[in-house]
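Dear colleague,

I am passing on a structure that you may like to open while you read this message. Please take a look at it first, and then compare what you see with the notes that follow.

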Amino acid sequence: MKKWLTSVVVAIVAIGLLAGCNSEDTTTEDLDEINVTATTGQVADVVKNVGGDKVKVESLMGPGVDPHLYQASQGDIKKLDEADIIFYNGLHLEGKMDTIFQKMSKDKPTVAVGDSVPEEMLLGADDSDAHDPHIWFDIQAWIVVVDAVEQELSKLSPDHKELFKENATNYKKELEELDEYAKKQIQTIPDESRVLVTAHDAFKYFGHAYGLEVMGLQGLSTDSDYGLRDVQVLVDTLVDRKIKAVFVESSISENSISAVVEGAQKQNHDVVIGGELFSDAMGKDGTEEGTYLGMFKHNVDTIVGSLK
Ligand SMILES: [Zn+2]
């Protein structure tokens, strides 16, 4: 009797252990929900669109945040630590976080989406052999990023491979439509007015894709200082070419571009601030501009509305 009871207890314990092992095995081999930490809103947006309800995405940089100067907080490190996978823009956009990404890459997939874009699609930086990191303003390059995100998520959760593929295909269709829309709209601006003046050089890919000349007061990174001479050069260009609007960026203080407007006024050339563009940060969550598609369309409409 006693012997019989013991063997039942042993069997129950064994079944319990096996069950425990089994459930643990499935979670490590194939994640049902992937915890993702992304840096910029743009990168987070791609992951949300491809991953759908199979991903939980934390984005470190909210509306109005400048990624060039961004330093990770303790809370951010925790979010990066807890993630199953990290997605960031790369190409040194998040210049102050490079060491953190290096460290994290030893423990988990840490993916710079910019590395998936082929060299021939990348634009160079003026003063070095580095590349311009603002790749999300070339929709065709961003479509490459969508594919890269799809592949990475599928590696982590092969069970949902088909779903990720379908989501990516649908999203790429929307991106292609937006690309067509932007092309058509920008063409309505007269040739001589197709000049986009902003606070920093975030729009080179945009200009390259849609045939606009682009000028920024600061360089590719807001980490570089601009001086009175830069302001003067830009003012002279505005006056010479009778450019009537300049644009502020949501992630950069208005002071820099206001100095340009004032400088032009001193030379009796009226320049207006044509509106606010989303450059390195997106709009508030829950608004149209809080999505990639919405913020891109906002930029196109704002630019066309002021320069046309
Ligand atoms: Zn930038």
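The site of the zinc ion is tetrahedral, with angles of 91 to 128° among its four donor atoms. Please keep in mind that this is a predicted model. The protein atoms that serve as donors belong to His68 (NE2), His134 (NE2), His200 (NE2) and Asp280 (OD), and they lie 2.0 to 2.1 Å from the zinc ion. Along the sequence, these donor residues follow the spacing H-x65-H-x65-H-x79-D. Two of them link distant parts of the chain, since His68 sits in the loop between β2 (55–59) and α3 (74–82), while His134 sits in the loop between β4 (110–112) and α5 (139–156), 66 residues apart. His68 has a relative accessibility of 4% and therefore counts as buried, the cut-off being under 20%, and His134 is buried too, with a relative accessible area of 0%.

Turning to the sheet, you will find four strands in the order β2-β1-β3-β4, which form an open sheet with parallel pairing. Its edge strands are β2 and β4, each of which pairs on one side only. Strand β1 (residues 34–38) runs parallel to strand β3 (residues 85–88) and is joined to it by three bridges, and Thr37 stands opposite Ile86 in β3. Helix α5 packs on this sheet, where it touches β1, β2, β3 and β4, and its direction makes about 175° with that of β3.

As for confidence, the protein averages a pLDDT of 90, and 90% of the residues score at least 70. Over residues 16–28, however, the pLDDT is below 50, and this stretch has zero contacts in the model beyond near neighbours in sequence.

With best wishes

Conventions
Residues numbered from 1 in each chain as written. Predicted model: local features only at pLDDT ≥ 70, side-chain atom pairs only at ≥ 80, totals over all residues. Heavy atoms only, no water. Donors = N, O, S within 2.8 Å, 3.2 Å for Na, K, Ca; no water. Tetrahedral: all angles 85-135°; square planar, octahedral: opposite > 155°, others 65-115°. Helix = DSSP H or I, 4+ residues; strand = E, 2+ residues; numbered from the N terminus. Buried < 20%, exposed > 50% of the residue type's maximum accessible area, 1.4 Å probe, protein only. pLDDT = per-residue confidence, 0-100. Contact = heavy atoms within 4.5 Å. Pairing = 2+ DSSP bridges. Axes fitted to C-alpha atoms, helices over the stretch in contact; angles between N-to-C directions.
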